[in-house]
Structures are given as C-alpha cells and as structure tokens.
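Trainee: I want to know what earns each label here. Can we go through the reasoning step by step?

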Amino acid sequence: MDEDLGILKSGKEADVHVIRRWVPGSDPGVRMAAKRFRDSDHRMFHRDAGYLEGRRVRRSRETRAMTRRTQFGRELISGQWAFAEFNALAELWELGLPVPYPVQINGTEVLMEFIGDQDGAGAAAPRLAQTRPEPALLIDLFEQFRSTVSALALRGWAHGDLSPYNTLLHNDRLVIIDWPQIVDIIGNPAGPEFLQRDCHNMCSWFTARGLSVDEEELFGDFMAAAVSRW
Ligand SMILES: Nc1ncnc2c1ncn2[C@@H]1O[C@H](COP(=O)(O)OP(=O)(O)OP(=O)(O)O)[C@@H](O)[C@H]1O
Ligand SMILES: [Mg+2]
C-alpha cells in the first residue's frame with residue numbers, strides 16, 4: 001500500500017512528496033520521496049536549450065510536439081526530465097556515489113529513497129546550505145564533496161546544478177540530489193563551464209563556513225579526471 005503523506009517541498013520544476021509504503025498487517029513500512037515533475041515551465045525550456053546540447057535527438061512527431069509546446073509536447077518534456085533523473089540516479093547508485101536510491105519511475109514521477117529519519121516524525125535531511133558544521137566535520141564534508149565530484153568527473157559527468165541547496169546532510173554524510181540535467185563534460189560544449197560553476201558554488205559555501213579551499217586547483221583536478229579517459 002502507498003499513502004501520500006503530503007508535500008515536502010515545492011520546487012521550481014517539481015513537487016516532492018513524502019510517501020509511506022507498507023504491507024498491510026505488517027510493520028510500519030518505509031518512507032520514500034516522490035518527485036513529480038511539473039508540466040511546462042519557462043526555466044525548463046531554457047534548460048533544455050543549454051543542457052541538451054550535444055545530446056542526439058531524432059526528428060519525430062514527438063520532437064515536433066515538444067518544439068511547438070503542445071500539451072502533449074509539454075508532458076513529454078516533463079517525462080523526459082523524470083526519465084533523465086531516474087537513469088542518472090540508477091547509474092550513480094551503481095557507481096557507489098551518495099545519491100538517493102532510485103525505486104521506480106512512473107511517467108513524470110520518480111520515486112526514490114527518502115533522505116531523512118525513517119522513524120518518529122520522519123524529518124527530512126536539511127539542505128547543506130542551512131547547516132553550520134563544526135570545523136572537523138567541515139573538513140570531512142569537503143573531502144566527501146571532492147571525492148564524489150572527482151569520481152563523477154572520472155566517469156565523464158558533472159552534476160550541472162550542484163549547490164549547497166541540492167546537497168543534503170544526513171548523519172554527517174552528504175547526499176547529492178536533483179540530477180535530471182546531468183552533463184557530459186566532454187560531449188557538451190559547455191560541459192567544462194558547468195563543472196566550473198558546480199565547483200564554484202560548493203567552494204563558496206565551504207569558504208563562507210571558514211574552510212580555506214583552492215577552487216582553481218580543484219577545478220583543474222576535476223578536469224584532469226574528466227579528460228583522463230580519452
Ligand atoms: N530524496 C529526498 N529525500 C529527502 N528530501 C528530498 C529528496 N529529494 C528532494 N528533497 C527535498 O525537496 C527539495 C526539492 O527537490 P529537488 O531539488 O530535487 O527539486 P527541484 O524542483 O529542483 O527544486 P528546486 O527548484 O528547489 O531546486 C530538495 O531541496 C529537498 O529539500
Ligand atoms: Mg533542487
């Protein structure tokens with residue numbers, strides 16, 4: 001059985017609901033997060049233009065509907081974002097990276113692991129931006145960030161919208177969310193710029209919290225990882 005426990009957060013592109021799933025007559029079950037991509041949004045079309053560059057798209061009835069932004073076309077676009085996020089989560093999870101476990105996809109909804117408490121009030125993990133870790137943890141978190149983005153770059157990818165808002169902090173571990181726009185660093189002409197912005201957004205936060213980090217050097221290491229596979 002699934003029960004919708006209500007909206008956790010309403011974002012610019014999607015609404016995230018908390019879902020409880022359980023077997024009738026047994027334990028209390030598990031909490032999950034359902035991300036439902038909304039229909040039609042200008043920011044989405046902007047993102048389509050920049051992020052999808054370098055991805056191959058076949059001309060078809062579907063493509064034309066999306067270009068003309070008919071109702072059908074808009075639903076297809078929302079579905080594509082959901083599909084892109086689900087696929088990204090599945091691949092990243094396989095690589096052992098800290099992302100929510102992808103449970104299932106249904107049209108424009110991605111069901112994934114809920115990052116937060118499973119018992120009691122079931123509080124969701126805070127976004128990194130809202131936290132003030134003490135110095136030892138801050139160093140540890142920076143290392144988690146560095147090794148995650150590095151592993152991602154080694155695989156040829158950048159998050160593309162990485163920030164302390166798309167990073168959750170749960171039990172002293174970072175979990176990175178919001179992946180539908182995942183970027184191919186080499187295949188996308190703007191790939192290195194996305195990677196640099198990701199690096200900058202995160203480094204600015206660490207710097208503001210009092211950790212001195214060399215953003216340029218870090219970006220250089222990430223780029224070196226990205227090109228090392230060629
Ligand atoms: N798996 C999850 N577990 C717990 N909380 C989550 C999860 N996924 C998303 N959230 C919460 O919902 C918010 C919105 O999710 P997400 O960033 O994926 O959607 P979005 O539409 O891109 O939102 P925004 O426009 O605010 O970035 C997150 O900032 C986080 O607080
Ligand atoms: Mg987000």
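Mentor: Yes. Start with asparagine 166, which counts as buried at 9% relative accessibility. Keep in mind that this is a predicted model.

Trainee: Why is asparagine 166 called buried?

Mentor: Buried means under 20% relative accessible area. Asparagine 166 has 9%, so the label holds.

Trainee: What makes Asn166 and Asp178 ligands of the magnesium ion?

Mentor: A donor must be an N, O or S atom within 2.8 Å of the metal. Asn166 OD1 and Asp178 OD coordinate the magnesium ion (ligand 2) at 2.2 Å. Both are oxygens inside the cut-off, so both count as donors. The two residues lie 12 residues apart and link distant parts of the chain. Asparagine 166 sits in the loop between strand E6 (157–158) and strand E7 (167–170), aspartate 178 in the loop between strand E8 (173–176) and strand E9 (183–184).

Trainee: Is aspartate 178 buried or exposed?

Mentor: Buried. Its relative accessibility is 14%, so it passes the under-20% test.

Trainee: How do you know that the length of helix H3 fits the expected value?

Mentor: The expected span is 1.5 Å times one less than the number of residues. H3 (residues 71–94) has 24 residues, and 34 Å is expected. Its first and last C-alpha atoms are 35 Å apart, which is close to that.

Trainee: Which residues of H3 are buried?

Mentor: Among them are Ile77, Trp81, Ala84, Ala88 and Leu92. Gly73, Glu85 and Phe86 are also on the list. An α-helix has 3.6 residues a turn, so residues three or four places apart point the same way. Just after H3, glycine 96 has a positive phi of about 85°.

Trainee: What makes arginine 69 stand out by its phi?

Mentor: Its phi is near 55°, a positive value in a residue other than glycine. Arginine 69 lies in the loop between helix H2 (61–68) and H3. At 41% relative accessibility, between the 20% and 50% cut-offs, arginine 69 is therefore partly exposed.

Trainee: What is the phi of aspartate 172?

Mentor: About 65°, positive although aspartate 172 is not a glycine. This residue is in the loop between E7 and E8. Its 45% relative accessibility falls in the 20% to 50% range, so it too is partly exposed.

Trainee: What makes the link between glutamate 109 and arginine 36 a polar contact?

Mentor: The cut-off is 3.5 Å between N or O atoms, with one able to donate a hydrogen and the other to accept it. The side chains of glutamate 109 and arginine 36 are joined at 2.7 Å, so the pair is inside the limit. Glutamate 109 belongs to strand E5 (residues 109–113). At 18%, glutamate 109 is under the 20% line and so counts as buried. Its contacts beyond four places in sequence are Ala34, Lys35, Arg36, Ala82 and Gln104.

Trainee: Why does methionine 202 count as buried?

Mentor: Its relative accessibility is 2%, so it meets the under-20% rule. Methionine 202 is in helix H5 (residues 191–208). Beyond four places in sequence, methionine 202 is in contact with Leu128, Phe145, Leu162, Ser163, Pro164 and Thr167.

Trainee: Why is serine 204 called partly exposed?

Mentor: Its relative accessible area is 31%, which lies between 20% and 50%, so the label follows. Serine 204 is in helix H5 as well. A polar atom of its side chain lies 2.8 Å from the backbone oxygen of histidine 200.

Trainee: Is proline 133 buried or exposed?

Mentor: Buried: 13% is under 20%, so proline 133 qualifies. It is in the loop between E5 and helix H4 (135–154). Proline 133 touches Leu138, Leu141 and Trp205, leaving out residues up to four places away.

Trainee: How do you know that the radius of gyration of the chain agrees with a compact globule?

Mentor: For 230 residues, the globule rule gives a value near 17 Å, and the chain has 18 Å, so the two agree. The C-alpha atoms fill a box of roughly 50 × 45 × 30 Å along the principal axes. Of the 230 residues, 45% count as buried. Among contacts with a separation of 6 or more, 61% come from residues 24 or more positions apart.

Terms used. Residues are numbered from 1 along each chain as its sequence is written. Chains are lettered from A and ligands numbered from 1 in the order in which they are written. This is a predicted model: local features need pLDDT of at least 70, side-chain atom pairs count only at pLDDT 80 or more; totals for chains, interfaces and linings use all residues. Side-chain values use heavy atoms; hydrogens and water are left out. Donors are N, O and S atoms within 2.8 Å of the metal (3.2 Å for Na, K and Ca); water is not among the atoms, so sites may look incomplete. Helices (H or I, at least four residues) and strands (E, at least two) are DSSP runs, numbered from the N terminus. Buried means under 20% relative accessible area, exposed over 50%, partly exposed in between (1.4 Å probe, protein chains only). Contact means heavy atoms within 4.5 Å. The radius of gyration is taken over C-alpha atoms; the globule rule is 2.2 Å times the number of residues to the power 0.38.
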